[in-house]
Amino acid sequence: MSDKRMTPEQVVAELHDGMTLGIGGWGSRRKPMALVRAILRSDLKDLTVVSYGGPDVGLLAAAGKIRRLVFGFVTLDSVPIDPNFARARQAGAIEVSEWDEGMFAAGLKAAVQRLPFQPIRAGLGSAVMATNPDLKTVRSPYADGEELVAVPPLHLDASLIHMNRADARGNAQYLGPDPYFDDDFALAAERCYVSCEKIVSTEELVAGGPVQSLLINRSAVTGVIETPNGAHFTTAAPDYGRDEKFQRHYAASAKDPDSWAAFTERFLTGDEAHYQAEVAAWAAEQEDAK
């Protein structure tokens, strides 16, 4: 069977300007941050990003990588809103399509099932329809005649997701409390790249948890990337939780131009090994300052 192991740089080399990119995870939980950071180091631009957004959106927006964002929310969970995203939206720097969370899930499902739309009640009677005039409604052909939102498919050129474990063939496993919608992100995309905390043998993968935790099938996966601590500073439970101190540092830095320039220079100008080393050094500095 084929060996699908790649590096973050090899993944980015297969992406292109103007593409529609899905990013899995949920808020500040199990985001493929090492792959996002690789995009930050690239020349990619004009992306349409589809995400239940967290710092992935904030970082890409701050770097000017996003042309359009389709999202259900953008939050850092313990920090209510990402300051980089807030600034980009308030300045009108990105086009936005803000959908109800259920509508967003329905759009992914429509793409997975190759349907022209997915009917759903969510969104009716809300501002979602007014702020997204391209959304249409459809009426049930049955006796009830109910009007429903016809959510269009969220077709993705590529998707990035992060799992706890994977094998070299592309089978991938989550070990935390929630699959989020990562399987739909994988199946809705022409190409799917899975970063993971550790690449293991297929035998170890099968023995590592209940069968239902094997969320991603190799048939949906283009590449597998081993990125230890690669979801940092978001969660990758049970391997690690969110780095709350560093997330607060990120959010505080994003509110001030000078602080953000210093944050970028220290953490985001080198490769992934440089990022991880600087995070460890920063954490040690915080301990020494106590």
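In what order do the three strands of the open sheet lie? The legends below take up this sheet first, then the helices. The model is predicted.

**View 1. An open sheet of three strands, antiparallel in its pairing.** The order is E5-E7-E6. Strand E5 (118-120) and strand E6 (136-139) are the edge strands. Each of these two pairs on one side only. On average, neighbouring strands of the sheet are turned by 45° against each other, direction ignored.

**View 2. The pairing of E5 with E7.** Strand E7 covers residues 147-151. Three bridges join E5 and E7, in the antiparallel sense. One residue pair can be picked out here: Gln 118 has Val 151 of E7 as its bridge partner.

**View 3. Helix H5 across two strands, E5 and E7.** The helix spans residues 101-112. H5 runs at about 160° to E5.

**View 4. Packing of helix H3 against helix H4.** H3 comprises residues 55-62, and H4 comprises residues 83-90. Their axes are 7 Å apart. The helices pack at an angle of about 55°. This angle falls outside the classes under 35, 65 to 115 and over 145 degrees, so H3 and H4 are oblique to each other. Their crossing is left-handed.

**View 5. Residues in the contact of H3 with H4.** H3 contributes Val 57, Gly 58, Ala 61 and Ala 62. From H4 come Asn 84, Phe 85 and Ala 88. Five of the contact residues are nonpolar and two are polar. No charged residue takes part in this contact.

Key:
Residues numbered from 1 in each chain as written. Predicted model: local features only at pLDDT ≥ 70, side-chain atom pairs only at ≥ 80, totals over all residues. Heavy atoms only, no water. Pairing = 2+ DSSP bridges. Helix = DSSP H or I, 4+ residues; strand = E, 2+ residues; numbered from the N terminus. Axes fitted to C-alpha atoms, helices over the stretch in contact; angles between N-to-C directions. Contact = heavy atoms within 4.5 Å. Left-handed = near helix turned anticlockwise from the far one by under 90°. Nonpolar A, V, L, I, M, F, W, Y, C, P; charged D, E, K, R; others polar.
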